[in-house]
Amino acid sequence: MAVDELDTRILRLLLEQPRTSVREYARVLGVARGTLQARLDRMERDGVITGTGPSLSPAALGHPVLAFVHIEVTQGHLDDVGDALAAVPEIVEAFSITGGGDLLARVVGRDNAHLEDVIQKLISLPGVVRTRTEVALRERVPYRLLPLVESVGRAARG
């Protein structure tokens, strides 16, 4: 899906001012409310905009320990293990990967002991061969998309 300059201006506003109304976005951008709503609807339909909920902090929810767990899976069991990972609340996301392992999971814990308990739970899942865990010490670049949106906007301007 092609994203043009107006789309990137809309996305920038959504990222910078997520609690503003559609009417206010239209006013700031100098476009009709209907135009803005049509653009938002199209970007949602095309998967550019994937959610509108709040961003939550696992640390503020009592889970300050963050680890990335590489999971090696027995051949033919990737889907089963993926389904089992979805049932573990401390796994906040997981991806199929190439390289060292088959899955990479972002895991949170209350403390190191709790993290170890979660990893032991993962190791015991049918189809899991082994895991390798890397504990995050400090976030250096927080999750962000605004620089990417700006880059796409510059490319759209040509």
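Which residue in S3 does Glu93 stand opposite? The residue is Arg106. This is a predicted model. It holds an open sheet of four strands, a helix, H4, packed on that sheet, and a contact between helices H1 and H3. Its largest pocket encloses about 1,900 Å³ of space.

**Sheet layout**

- The strand order is S2-S3-S1-S4, and the pairing is antiparallel.
- S2 and S4 (128–135) are the edge strands, each pairing on one side only.
- On average, neighbouring strands of this sheet are turned by 20° against each other, direction ignored.
- Helix H4 (residues 78–85) packs on the sheet and touches S1, S2, S3 and S4.
- The direction of H4 makes about 15° with that of S3.

**Strand pairs**

- Strand S2 covers residues 91–96 and strand S3 covers residues 103–109.
- S2 and S3 pair in the antiparallel sense over five bridges.
- The two strands, S2 and S3, form a hairpin, with six residues between them.
- Gly99 sits in the turn of this hairpin and has a positive phi of about 95°.
- S1 and S4 also pair in the antiparallel sense, over seven bridges.
- Ile71 has Thr131 in S4 as its bridge partner.

**Helix H1 against helix H3**

- H1 spans residues 5–16, and H3 spans residues 33–45.
- Their axes come within 11 Å and cross at roughly 85°.
- H1 is therefore roughly perpendicular to H3, as angles of 65 to 115 degrees count as such.
- From H1, the contact uses Leu6, Asp7, Ile10, Leu11 and Leu14.
- From H3, the contact uses Leu36, Arg39, Leu40, Arg42 and Met43.
- By class, this contact of H1 with H3 has seven nonpolar and three charged residues, with no polar ones.

**Largest pocket**

- The largest pocket is lined by 46 residues.
- Leu15, Ser55, Tyr143, Arg144 and Leu145 are the closest of these to the pocket centre.
- Helices that give two or more residues to the lining are H1, H2 (22–29), H3 and H6 (146–157).
- Strands that do so are S1 (65–73), S2 and S3.
- By class, the lining of the largest pocket has 29 nonpolar, nine polar and eight charged residues.
- H1 and H3 thus appear in two settings: they contact each other, and each gives two or more residues to the pocket lining.

Methods:
Residues numbered from 1 in each chain as written. Predicted model: local features only at pLDDT ≥ 70, side-chain atom pairs only at ≥ 80, totals over all residues. Heavy atoms only, no water. Axes fitted to C-alpha atoms, helices over the stretch in contact; angles between N-to-C directions. Parallel < 35°, antiparallel > 145°, perpendicular 65-115°, else oblique. Contact = heavy atoms within 4.5 Å. Nonpolar A, V, L, I, M, F, W, Y, C, P; charged D, E, K, R; others polar. Pairing = 2+ DSSP bridges. 1 Å grid on protein atoms, 1.4 Å probe; cavity = no way out; pocket = protein on both sides within 12 Å on 5 of 7 lines; lining within 4 Å. Points joined across faces, edges and corners; volume = space filled by probe spheres on them.
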